[in-house]
Amino acid sequence: METLDAARLQMAVSMIFHIVFACIGMVMPFFMVVSHYKWLKTRDKVYLSLTKAWQKGVAIFFVTGAVSGTILSFELGLLWPKFMLHAGPIIGMPFSLEGAAFFVEAIALGFYLYGWKKIKSEWFHWFTGLIIGLAGVASGILVVSANGWMNAPTGFDYVNGEFLNIDPVQALLNDAWFSQALHMVLAAFTATGFAVAGIHAWQIYKKRNIAVHRKAFNIAITFGAVAAILQPISGDISAKDIAVRQPVKLAALEAHYHTEKGAPLYIGGIVNEETQEVTHKIEIPKMLSFLAFGDFNAEVKGLNDFPQENLPPVAITHYAFQLMVGLGTFLALLAIIFFISRKKRSLLQKTWFWLLFALAAPLGFIAVEAGWIVTEVGRQPWVIYNIMRTEDSVTPMNGIEYSLFLFIFLYVVLAIAVSWLMGRQITVFNRHPSTPPMGRKTDDPKTKSLKK
(Lines give C-alpha, C1' and ligand atoms only; values in the text may rest on other atoms or scores of the structure.)
Protein backbone atom coordinates (compact mmCIF):
# COMPACT_ATOMS: atom_id res chain seq x y z
CA MET A 1 0.00 0.00 0.00
CA GLU A 2 1.35 3.43 -0.92
CA THR A 3 2.25 5.74 1.97
CA LEU A 4 -0.20 8.42 0.80
CA ASP A 5 -3.10 5.95 0.53
CA ALA A 6 -2.33 4.44 3.95
CA ALA A 7 -2.13 7.88 5.58
CA ARG A 8 -5.40 8.96 3.99
CA LEU A 9 -7.15 5.76 5.09
CA GLN A 10 -5.85 6.03 8.66
CA MET A 11 -7.04 9.63 8.93
CA ALA A 12 -10.39 8.68 7.39
CA VAL A 13 -10.92 5.73 9.76
CA SER A 14 -10.04 7.89 12.77
CA MET A 15 -12.47 10.60 11.67
CA ILE A 16 -15.25 8.10 10.91
CA PHE A 17 -15.17 6.86 14.50
CA HIS A 18 -14.36 10.14 16.23
CA ILE A 19 -17.12 12.17 14.60
CA VAL A 20 -19.80 9.86 16.02
CA PHE A 21 -18.40 10.07 19.54
CA ALA A 22 -17.88 13.82 19.20
CA CYS A 23 -21.42 14.52 17.98
CA ILE A 24 -23.03 12.49 20.75
CA GLY A 25 -20.74 13.98 23.38
CA MET A 26 -21.60 17.46 22.14
CA VAL A 27 -25.40 17.03 22.04
CA MET A 28 -26.38 14.56 24.77
CA PRO A 29 -25.62 17.01 27.61
CA PHE A 30 -28.54 19.12 26.37
CA PHE A 31 -30.90 16.13 26.65
CA MET A 32 -29.58 15.58 30.17
CA VAL A 33 -30.08 19.19 31.31
CA VAL A 34 -33.61 19.34 29.85
CA SER A 35 -34.54 16.19 31.77
CA HIS A 36 -32.85 17.62 34.88
CA TYR A 37 -34.81 20.88 34.43
CA LYS A 38 -38.06 18.93 34.25
CA TRP A 39 -37.10 17.08 37.43
CA LEU A 40 -36.44 20.34 39.26
CA LYS A 41 -39.76 21.79 38.08
CA THR A 42 -42.04 18.75 38.48
CA ARG A 43 -40.24 16.49 40.99
CA ASP A 44 -41.31 13.61 38.78
CA LYS A 45 -38.84 10.90 39.80
CA VAL A 46 -38.86 9.46 36.27
CA TYR A 47 -37.07 12.58 35.04
CA LEU A 48 -34.44 12.21 37.78
CA SER A 49 -33.88 8.60 36.79
CA LEU A 50 -33.64 9.60 33.12
CA THR A 51 -31.15 12.37 33.98
CA LYS A 52 -28.95 9.91 35.87
CA ALA A 53 -29.09 7.45 32.99
CA TRP A 54 -28.19 10.07 30.39
CA GLN A 55 -25.36 11.50 32.51
CA LYS A 56 -23.67 8.10 32.35
CA GLY A 57 -23.96 8.22 28.57
CA VAL A 58 -22.47 11.73 28.57
CA ALA A 59 -19.52 10.52 30.65
CA ILE A 60 -18.91 7.49 28.41
CA PHE A 61 -18.94 9.52 25.20
CA PHE A 62 -16.84 12.28 26.74
CA VAL A 63 -14.09 9.76 27.46
CA THR A 64 -14.28 8.04 24.06
CA GLY A 65 -14.44 11.39 22.27
CA ALA A 66 -11.39 12.62 24.19
CA VAL A 67 -9.42 9.47 23.36
CA SER A 68 -10.28 9.43 19.65
CA GLY A 69 -9.78 13.20 19.38
CA THR A 70 -6.33 12.94 20.97
CA ILE A 71 -5.40 10.28 18.42
CA LEU A 72 -6.46 12.61 15.61
CA SER A 73 -4.30 15.39 17.02
CA PHE A 74 -1.24 13.14 17.02
CA GLU A 75 -2.05 11.89 13.53
CA LEU A 76 -2.02 15.45 12.16
CA GLY A 77 1.60 15.78 13.20
CA LEU A 78 2.76 12.25 12.48
CA LEU A 79 1.03 11.65 9.15
CA TRP A 80 1.10 15.19 7.72
CA PRO A 81 4.24 16.87 9.15
CA LYS A 82 4.72 19.31 6.26
CA PHE A 83 1.13 20.46 6.59
CA MET A 84 1.51 21.09 10.32
CA LEU A 85 4.88 22.81 9.79
CA HIS A 86 3.20 25.59 7.82
CA ALA A 87 -0.39 25.40 9.07
CA GLY A 88 0.40 25.07 12.78
CA PRO A 89 1.35 28.72 13.39
CA ILE A 90 -1.69 29.87 11.40
CA ILE A 91 -4.47 27.67 12.79
CA GLY A 92 -2.93 27.11 16.19
CA MET A 93 -5.44 29.54 17.71
CA PRO A 94 -8.62 27.48 17.07
CA PHE A 95 -6.86 24.35 18.32
CA SER A 96 -5.66 26.15 21.45
CA LEU A 97 -9.13 27.57 22.11
CA GLU A 98 -10.62 24.14 21.48
CA GLY A 99 -8.30 22.76 24.14
CA ALA A 100 -9.50 25.46 26.56
CA ALA A 101 -13.14 24.60 25.78
CA PHE A 102 -12.33 20.94 26.39
CA PHE A 103 -10.89 21.72 29.84
CA VAL A 104 -13.97 23.78 30.74
CA GLU A 105 -16.16 20.89 29.62
CA ALA A 106 -14.12 18.42 31.69
CA ILE A 107 -14.27 20.59 34.82
CA ALA A 108 -18.03 21.14 34.43
CA LEU A 109 -18.54 17.40 33.91
CA GLY A 110 -16.69 16.70 37.16
CA PHE A 111 -18.87 19.21 39.03
CA TYR A 112 -22.01 17.70 37.54
CA LEU A 113 -21.22 14.02 38.07
CA TYR A 114 -20.03 14.39 41.66
CA GLY A 115 -22.19 17.33 42.69
CA TRP A 116 -25.44 15.52 43.39
CA LYS A 117 -24.83 15.38 47.14
CA LYS A 118 -22.12 18.03 47.33
CA ILE A 119 -23.49 21.21 45.70
CA LYS A 120 -26.11 22.88 47.90
CA SER A 121 -27.74 24.90 45.14
CA GLU A 122 -29.77 22.64 42.86
CA TRP A 123 -29.86 25.24 40.11
CA PHE A 124 -26.12 25.81 40.18
CA HIS A 125 -25.67 22.06 39.84
CA TRP A 126 -28.03 22.13 36.86
CA PHE A 127 -26.06 25.05 35.41
CA THR A 128 -22.83 23.01 35.42
CA GLY A 129 -24.61 20.52 33.17
CA LEU A 130 -25.54 23.31 30.78
CA ILE A 131 -21.87 24.39 30.69
CA ILE A 132 -20.93 20.87 29.54
CA GLY A 133 -23.15 21.23 26.49
CA LEU A 134 -22.13 24.81 25.67
CA ALA A 135 -18.42 24.02 25.98
CA GLY A 136 -18.88 20.93 23.80
CA VAL A 137 -20.57 22.96 21.06
CA ALA A 138 -17.84 25.62 21.28
CA SER A 139 -15.21 22.91 20.97
CA GLY A 140 -16.89 21.50 17.88
CA ILE A 141 -17.21 24.91 16.24
CA LEU A 142 -13.51 25.67 16.79
CA VAL A 143 -12.40 22.37 15.24
CA VAL A 144 -14.68 22.96 12.26
CA SER A 145 -13.20 26.46 11.94
CA ALA A 146 -9.76 24.89 11.51
CA ASN A 147 -11.17 22.60 8.84
CA GLY A 148 -12.87 25.60 7.22
CA TRP A 149 -9.45 27.25 6.95
CA MET A 150 -8.24 24.27 4.93
CA ASN A 151 -11.08 24.97 2.49
CA ALA A 152 -10.74 28.77 2.59
CA PRO A 153 -7.15 29.56 3.65
CA THR A 154 -6.76 33.15 4.92
CA GLY A 155 -4.70 35.01 7.49
CA PHE A 156 -1.33 34.91 5.72
CA ASP A 157 0.55 35.90 2.59
CA TYR A 158 1.96 33.08 0.47
CA VAL A 159 5.17 34.35 -1.15
CA ASN A 160 7.69 32.09 -2.91
CA GLY A 161 6.51 29.03 -1.00
CA GLU A 162 6.63 30.77 2.39
CA PHE A 163 3.77 31.71 4.73
CA LEU A 164 4.28 35.31 5.82
CA ASN A 165 2.36 38.05 7.71
CA ILE A 166 0.37 35.53 9.72
CA ASP A 167 -2.90 36.72 11.30
CA PRO A 168 -4.40 33.91 13.48
CA VAL A 169 -7.65 35.80 14.11
CA GLN A 170 -8.32 36.20 10.39
CA ALA A 171 -7.47 32.53 9.92
CA LEU A 172 -9.92 31.58 12.67
CA LEU A 173 -12.68 33.69 11.12
CA ASN A 174 -12.09 32.40 7.60
CA ASP A 175 -14.70 32.58 4.85
CA ALA A 176 -15.85 28.99 5.38
CA TRP A 177 -16.09 28.74 9.16
CA PHE A 178 -19.65 30.00 9.61
CA SER A 179 -21.34 27.90 6.91
CA GLN A 180 -19.41 24.76 7.89
CA ALA A 181 -19.92 25.25 11.64
CA LEU A 182 -23.65 25.92 11.25
CA HIS A 183 -24.09 22.87 9.03
CA MET A 184 -22.04 20.64 11.35
CA VAL A 185 -23.76 21.71 14.58
CA LEU A 186 -27.22 21.17 13.09
CA ALA A 187 -26.06 17.81 11.71
CA ALA A 188 -24.83 16.78 15.16
CA PHE A 189 -28.16 17.67 16.79
CA THR A 190 -30.10 15.93 14.01
CA ALA A 191 -28.03 12.75 14.09
CA THR A 192 -27.88 12.46 17.88
CA GLY A 193 -31.50 13.47 18.38
CA PHE A 194 -32.82 10.85 15.95
CA ALA A 195 -30.39 8.19 17.23
CA VAL A 196 -31.36 8.59 20.88
CA ALA A 197 -35.05 8.96 19.99
CA GLY A 198 -34.80 5.84 17.83
CA ILE A 199 -33.42 3.81 20.71
CA HIS A 200 -36.32 4.85 22.94
CA ALA A 201 -38.81 4.37 20.09
CA TRP A 202 -37.65 0.78 19.80
CA GLN A 203 -38.27 0.25 23.52
CA ILE A 204 -41.78 1.68 23.07
CA TYR A 205 -42.35 -0.54 20.04
CA LYS A 206 -41.37 -3.52 22.21
CA LYS A 207 -43.76 -2.22 24.92
CA ARG A 208 -41.09 -1.77 27.58
CA ASN A 209 -41.80 0.97 30.13
CA ILE A 210 -43.73 2.97 27.57
CA ALA A 211 -44.47 5.99 29.79
CA VAL A 212 -40.80 6.40 30.72
CA HIS A 213 -39.42 5.96 27.22
CA ARG A 214 -41.99 8.38 25.78
CA LYS A 215 -40.58 11.13 28.00
CA ALA A 216 -37.07 10.35 26.77
CA PHE A 217 -38.24 10.11 23.16
CA ASN A 218 -39.96 13.50 23.30
CA ILE A 219 -36.89 15.28 24.64
CA ALA A 220 -34.46 13.76 22.12
CA ILE A 221 -36.67 13.97 19.03
CA THR A 222 -37.61 17.60 19.70
CA PHE A 223 -33.95 18.60 19.39
CA GLY A 224 -33.45 16.32 16.38
CA ALA A 225 -36.60 17.41 14.57
CA VAL A 226 -35.96 21.14 14.93
CA ALA A 227 -32.39 20.68 13.69
CA ALA A 228 -33.52 18.49 10.78
CA ILE A 229 -35.99 21.11 9.57
CA LEU A 230 -33.35 23.85 9.82
CA GLN A 231 -30.68 21.74 8.12
CA PRO A 232 -31.80 22.41 4.50
CA ILE A 233 -31.40 26.15 5.16
CA SER A 234 -27.80 25.65 6.31
CA GLY A 235 -27.24 23.34 3.35
CA ASP A 236 -28.36 26.08 0.99
CA ILE A 237 -25.97 28.54 2.66
CA SER A 238 -23.12 26.05 2.31
CA ALA A 239 -23.91 25.31 -1.34
CA LYS A 240 -23.94 28.99 -2.28
CA ASP A 241 -20.68 29.51 -0.42
CA ILE A 242 -19.01 26.56 -2.19
CA ALA A 243 -20.27 27.77 -5.57
CA VAL A 244 -18.24 30.97 -5.13
CA ARG A 245 -15.14 29.69 -3.31
CA GLN A 246 -14.76 26.12 -4.62
CA PRO A 247 -16.53 25.83 -7.98
CA VAL A 248 -14.69 22.61 -8.77
CA LYS A 249 -16.15 21.00 -5.63
CA LEU A 250 -19.65 22.13 -6.65
CA ALA A 251 -19.13 20.56 -10.06
CA ALA A 252 -17.97 17.32 -8.43
CA LEU A 253 -20.95 17.25 -6.05
CA GLU A 254 -23.31 17.26 -9.03
CA ALA A 255 -21.00 15.37 -11.41
CA HIS A 256 -21.38 18.40 -13.68
CA TYR A 257 -18.81 18.06 -16.47
CA HIS A 258 -19.77 20.75 -18.96
CA THR A 259 -20.06 24.49 -18.32
CA GLU A 260 -23.53 25.79 -19.13
CA LYS A 261 -26.09 28.40 -18.27
CA GLY A 262 -29.29 27.15 -16.71
CA ALA A 263 -27.52 24.01 -15.43
CA PRO A 264 -29.80 21.14 -14.38
CA LEU A 265 -29.80 19.48 -10.96
CA TYR A 266 -29.19 15.74 -10.86
CA ILE A 267 -30.97 13.53 -8.35
CA GLY A 268 -29.27 10.16 -8.09
CA GLY A 269 -27.38 8.94 -11.11
CA ILE A 270 -24.44 6.66 -11.87
CA VAL A 271 -21.18 8.44 -12.71
CA ASN A 272 -18.85 7.19 -15.45
CA GLU A 273 -15.64 9.17 -14.99
CA GLU A 274 -14.10 7.82 -18.19
CA THR A 275 -16.93 8.86 -20.51
CA GLN A 276 -17.84 11.84 -18.31
CA GLU A 277 -21.49 10.88 -18.26
CA VAL A 278 -24.14 10.48 -15.57
CA THR A 279 -26.81 7.90 -16.29
CA HIS A 280 -29.97 6.73 -14.47
CA LYS A 281 -30.55 10.17 -12.99
CA ILE A 282 -33.53 12.41 -12.43
CA GLU A 283 -32.83 15.77 -14.04
CA ILE A 284 -34.47 19.00 -12.90
CA PRO A 285 -33.86 21.73 -15.52
CA LYS A 286 -32.03 24.92 -14.42
CA MET A 287 -32.30 24.01 -10.73
CA LEU A 288 -28.55 23.76 -10.07
CA SER A 289 -28.05 27.31 -11.36
CA PHE A 290 -30.82 28.55 -9.09
CA LEU A 291 -29.64 26.69 -5.98
CA ALA A 292 -26.03 27.78 -6.49
CA PHE A 293 -26.53 31.40 -7.52
CA GLY A 294 -30.21 32.25 -7.05
CA ASP A 295 -30.61 32.66 -10.81
CA PHE A 296 -32.17 30.04 -13.09
CA ASN A 297 -29.96 31.18 -15.98
CA ALA A 298 -26.66 31.54 -14.10
CA GLU A 299 -23.59 29.87 -15.55
CA VAL A 300 -22.19 26.89 -13.66
CA LYS A 301 -18.65 25.84 -14.46
CA GLY A 302 -18.14 22.21 -15.38
CA LEU A 303 -15.30 19.90 -14.40
CA ASN A 304 -13.84 20.15 -17.88
CA ASP A 305 -13.00 23.81 -17.22
CA PHE A 306 -10.44 22.85 -14.57
CA PRO A 307 -7.03 21.16 -14.97
CA GLN A 308 -7.34 17.38 -14.82
CA GLU A 309 -4.73 17.13 -12.05
CA ASN A 310 -6.82 19.42 -9.81
CA LEU A 311 -10.06 17.42 -10.00
CA PRO A 312 -11.33 15.53 -6.93
CA PRO A 313 -12.62 11.94 -7.22
CA VAL A 314 -15.97 12.71 -8.85
CA ALA A 315 -17.95 9.49 -8.32
CA ILE A 316 -17.42 9.11 -4.58
CA THR A 317 -18.01 12.83 -3.99
CA HIS A 318 -21.26 12.72 -5.99
CA TYR A 319 -22.54 9.55 -4.30
CA ALA A 320 -21.71 10.84 -0.81
CA PHE A 321 -23.46 14.14 -1.54
CA GLN A 322 -26.56 12.39 -2.87
CA LEU A 323 -26.64 10.13 0.21
CA MET A 324 -26.27 13.08 2.59
CA VAL A 325 -29.01 15.12 0.91
CA GLY A 326 -31.35 12.13 0.55
CA LEU A 327 -31.08 11.09 4.19
CA GLY A 328 -31.31 14.68 5.38
CA THR A 329 -34.52 15.16 3.38
CA PHE A 330 -35.98 11.95 4.77
CA LEU A 331 -35.21 12.96 8.36
CA ALA A 332 -36.79 16.38 7.75
CA LEU A 333 -39.95 14.59 6.60
CA LEU A 334 -39.86 12.45 9.75
CA ALA A 335 -39.51 15.65 11.78
CA ILE A 336 -42.70 16.97 10.18
CA ILE A 337 -44.47 13.71 11.00
CA PHE A 338 -43.36 14.08 14.63
CA PHE A 339 -44.74 17.62 14.89
CA ILE A 340 -48.00 16.46 13.29
CA SER A 341 -48.21 13.76 15.97
CA ARG A 342 -48.13 16.50 18.61
CA LYS A 343 -51.50 17.66 17.25
CA LYS A 344 -52.84 14.36 15.99
CA ARG A 345 -52.27 12.17 19.04
CA SER A 346 -53.76 9.11 17.37
CA LEU A 347 -50.46 8.62 15.51
CA LEU A 348 -48.82 7.74 18.81
CA GLN A 349 -51.05 4.68 19.03
CA LYS A 350 -49.76 3.29 15.72
CA THR A 351 -47.02 0.67 15.96
CA TRP A 352 -45.63 1.74 12.57
CA PHE A 353 -44.94 5.22 13.99
CA TRP A 354 -42.54 3.88 16.61
CA LEU A 355 -41.00 1.34 14.25
CA LEU A 356 -40.36 4.06 11.68
CA PHE A 357 -38.43 6.20 14.15
CA ALA A 358 -36.59 3.17 15.51
CA LEU A 359 -35.39 2.21 12.02
CA ALA A 360 -34.33 5.81 11.39
CA ALA A 361 -31.95 5.80 14.38
CA PRO A 362 -28.67 5.33 12.43
CA LEU A 363 -29.60 7.45 9.39
CA GLY A 364 -28.44 10.77 10.81
CA PHE A 365 -24.94 9.47 11.49
CA ILE A 366 -24.75 7.90 8.04
CA ALA A 367 -25.58 11.35 6.65
CA VAL A 368 -22.89 12.93 8.87
CA GLU A 369 -20.27 10.48 7.60
CA ALA A 370 -21.33 11.16 4.01
CA GLY A 371 -21.09 14.89 4.64
CA TRP A 372 -17.51 14.63 5.86
CA ILE A 373 -16.61 12.55 2.81
CA VAL A 374 -18.02 15.37 0.67
CA THR A 375 -15.99 17.97 2.59
CA GLU A 376 -12.69 16.11 2.60
CA VAL A 377 -12.73 14.17 -0.68
CA GLY A 378 -14.29 17.11 -2.52
CA ARG A 379 -11.31 19.28 -1.52
CA GLN A 380 -8.75 16.89 -3.00
CA PRO A 381 -6.05 16.96 -4.26
CA TRP A 382 -5.46 19.86 -1.85
CA VAL A 383 -4.83 19.68 1.88
CA ILE A 384 -4.80 23.52 1.89
CA TYR A 385 -7.04 24.56 -0.97
CA ASN A 386 -5.03 25.92 -3.93
CA ILE A 387 -1.92 26.21 -1.71
CA MET A 388 -0.58 22.77 -0.70
CA ARG A 389 -1.33 19.41 -2.28
CA THR A 390 -2.06 16.44 -0.03
CA GLU A 391 0.71 14.35 -1.58
CA ASP A 392 3.24 17.07 -0.70
CA SER A 393 2.32 17.09 3.00
CA VAL A 394 2.42 13.36 3.81
CA THR A 395 5.16 11.83 5.96
CA PRO A 396 8.04 10.21 4.03
CA MET A 397 8.10 7.23 6.42
CA ASN A 398 6.97 3.80 5.21
CA GLY A 399 4.96 1.21 7.12
CA ILE A 400 1.91 3.33 7.89
CA GLU A 401 -0.34 0.45 6.87
CA TYR A 402 0.63 -1.37 10.09
CA SER A 403 -0.58 1.49 12.29
CA LEU A 404 -3.68 1.67 10.07
CA PHE A 405 -4.58 -1.95 10.86
CA LEU A 406 -3.80 -1.42 14.54
CA PHE A 407 -6.06 1.63 14.79
CA ILE A 408 -8.87 -0.15 12.94
CA PHE A 409 -8.66 -2.94 15.53
CA LEU A 410 -8.60 -0.47 18.44
CA TYR A 411 -11.55 1.51 17.14
CA VAL A 412 -13.61 -1.64 16.58
CA VAL A 413 -12.88 -2.75 20.15
CA LEU A 414 -13.76 0.73 21.42
CA ALA A 415 -17.04 0.75 19.46
CA ILE A 416 -17.98 -2.69 20.81
CA ALA A 417 -17.17 -1.62 24.38
CA VAL A 418 -19.24 1.58 24.09
CA SER A 419 -22.16 -0.33 22.53
CA TRP A 420 -22.05 -2.89 25.35
CA LEU A 421 -21.93 -0.20 28.03
CA MET A 422 -24.86 1.70 26.52
CA GLY A 423 -26.85 -1.50 26.04
CA ARG A 424 -26.26 -2.37 29.68
CA GLN A 425 -27.47 1.08 30.74
CA ILE A 426 -30.70 0.59 28.79
CA THR A 427 -31.22 -2.83 30.38
CA VAL A 428 -30.72 -1.46 33.89
CA PHE A 429 -32.96 1.51 33.11
CA ASN A 430 -35.75 -0.81 31.92
CA ARG A 431 -35.54 -2.83 35.12
CA HIS A 432 -35.53 0.17 37.47
CA PRO A 433 -36.85 3.17 35.54
CA SER A 434 -38.00 5.12 38.58
CA THR A 435 -35.30 4.41 41.14
CA PRO A 436 -32.37 6.77 40.58
CA PRO A 437 -29.32 5.88 42.68
CA MET A 438 -27.71 8.51 44.90
CA GLY A 439 -30.67 10.93 44.80
CA ARG A 440 -30.15 14.34 46.37
CA LYS A 441 -31.36 14.74 49.89
CA THR A 442 -34.41 16.93 50.09
CA ASP A 443 -37.22 17.81 52.45
CA ASP A 444 -39.73 17.78 49.62
CA PRO A 445 -42.35 15.14 50.62
CA LYS A 446 -42.64 14.15 46.99
CA THR A 447 -39.01 12.98 46.96
CA LYS A 448 -38.64 11.43 50.42
CA SER A 449 -39.64 8.10 48.92
CA LEU A 450 -36.49 8.22 46.78
CA LYS A 451 -34.23 7.77 49.79
CA LYS A 452 -33.03 4.27 50.33
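In this predicted model, D236 is partly exposed, because its relative accessibility is 29%, a value that lies between the limit of under 20% for buried residues and that of over 50% for exposed ones. The side chain of D236 meets that of K240 in a salt bridge, with 2.8 Å from N to O. K240 is likewise partly exposed, because its relative accessibility is 30%. Both partners belong to helix α7, and because they stand 4 residues apart there, about one helical turn separates D236 from K240.

A second salt bridge in helix α7 follows a similar plan. The side chains of D241 and R245 meet with 2.6 Å from N to O. D241 and R245 lie 4 residues apart in helix α7, which is about one turn of the helix. In contrast to the partly exposed D236, D241 and R245 are both buried.

The structure holds 6 salt bridges, and one of them joins R379 to E376. The closest N and O atoms of this pair are 3.1 Å apart. How buried or exposed is each partner? R379 is buried, because its relative accessible area is 2%, under the 20% that sets the limit. E376 is partly exposed, because its relative accessibility is 24%.

Helix α7 also takes part in a feature of the surface. A nonpolar patch is formed there by F178, V226, I229, L230, I233, I237, L333, I336, F339 and I340, and together these residues have about 830 Å² of accessible area. Two elements, α7 (210–245) and α10 (314–343), give two or more residues each to the nonpolar patch. Which element gives the most to the nonpolar patch? It is α7, with 5 residues.

F339, one of the residues of the patch, is found in helix α10. Because its relative accessibility is 31%, F339 counts as partly exposed; the patch takes in residues with over 30% relative accessible area.

F339 leads from the patch to the aromatic rings. A cluster of residues linked by ring pairs consists of F194, F217, F338, F339, W352, F353, W354 and F357. In the structure the count of aromatic pairs comes to 28. F217 and W354 form one that is edge-to-face, with 4.9 Å from centre to centre and 70° between the planes. These two values are given because a pair of aromatic rings is described by the distance of the centres and the angle of the planes. The angle makes the F217 and W354 pair edge-to-face, because planes over 60 degrees apart are counted in that way.

What does the pair of F217 and W354 tie together? F217 lies in helix α7 and W354 in helix α11 (residues 351–359), so the pair ties together parts that are 137 residues apart in sequence. Both rings belong to buried residues: F217 has a relative accessibility of 0% and so counts as buried, and W354, at 5%, counts as buried too.

Aromatic rings also meet charged side chains. The ring of Y266 has the charged end of K281 over it, 5.1 Å from the ring centre. In another such contact, the charged end of R389 sits over the ring of W382, and the distance to the ring centre is 4.9 Å.

The remaining features concern the backbone. Q380 and P381 are joined by a cis peptide bond, with omega about 15°. P381 is placed in the loop between α12 (363–377) and β7 (382–384).

N165 and A255 each have a positive phi although neither is a glycine. For N165, phi is near 50°. N165 is found in the loop between β2 (162–164) and α5 (168–172). Because its relative accessible area is 60%, N165 is exposed.

For A255, phi is about 50°, and the residue is found in the loop between α8 (247–253) and β3 (260–261). Is A255 buried or exposed? A255 is buried, because its relative accessible area is 2%. The two loop residues thus stand in contrast: N165 is exposed, whereas A255 is buried.

Terms used
Residues numbered from 1 in each chain as written. Predicted model: local features only at pLDDT ≥ 70, side-chain atom pairs only at ≥ 80, totals over all residues. Heavy atoms only, no water. Patch = residues over 30% accessible without salt bridge, like charges linked within 9 Å, V, L, I, M, F, W, Y side chains within 5 Å. Areas by Shrake-Rupley, 256 points an atom, 1.4 Å probe, with all protein chains shown as cover. Salt bridge = Lys/Arg side-chain N within 4 Å of Asp/Glu carboxyl O. Buried < 20%, exposed > 50% of the residue type's maximum accessible area, 1.4 Å probe, protein only. Phe/Tyr/Trp six-rings, centres within 6.5 Å; stacked < 30°, edge-to-face > 60°. Lys NZ or Arg CZ within 6 Å of the ring centre and 35° of its normal.
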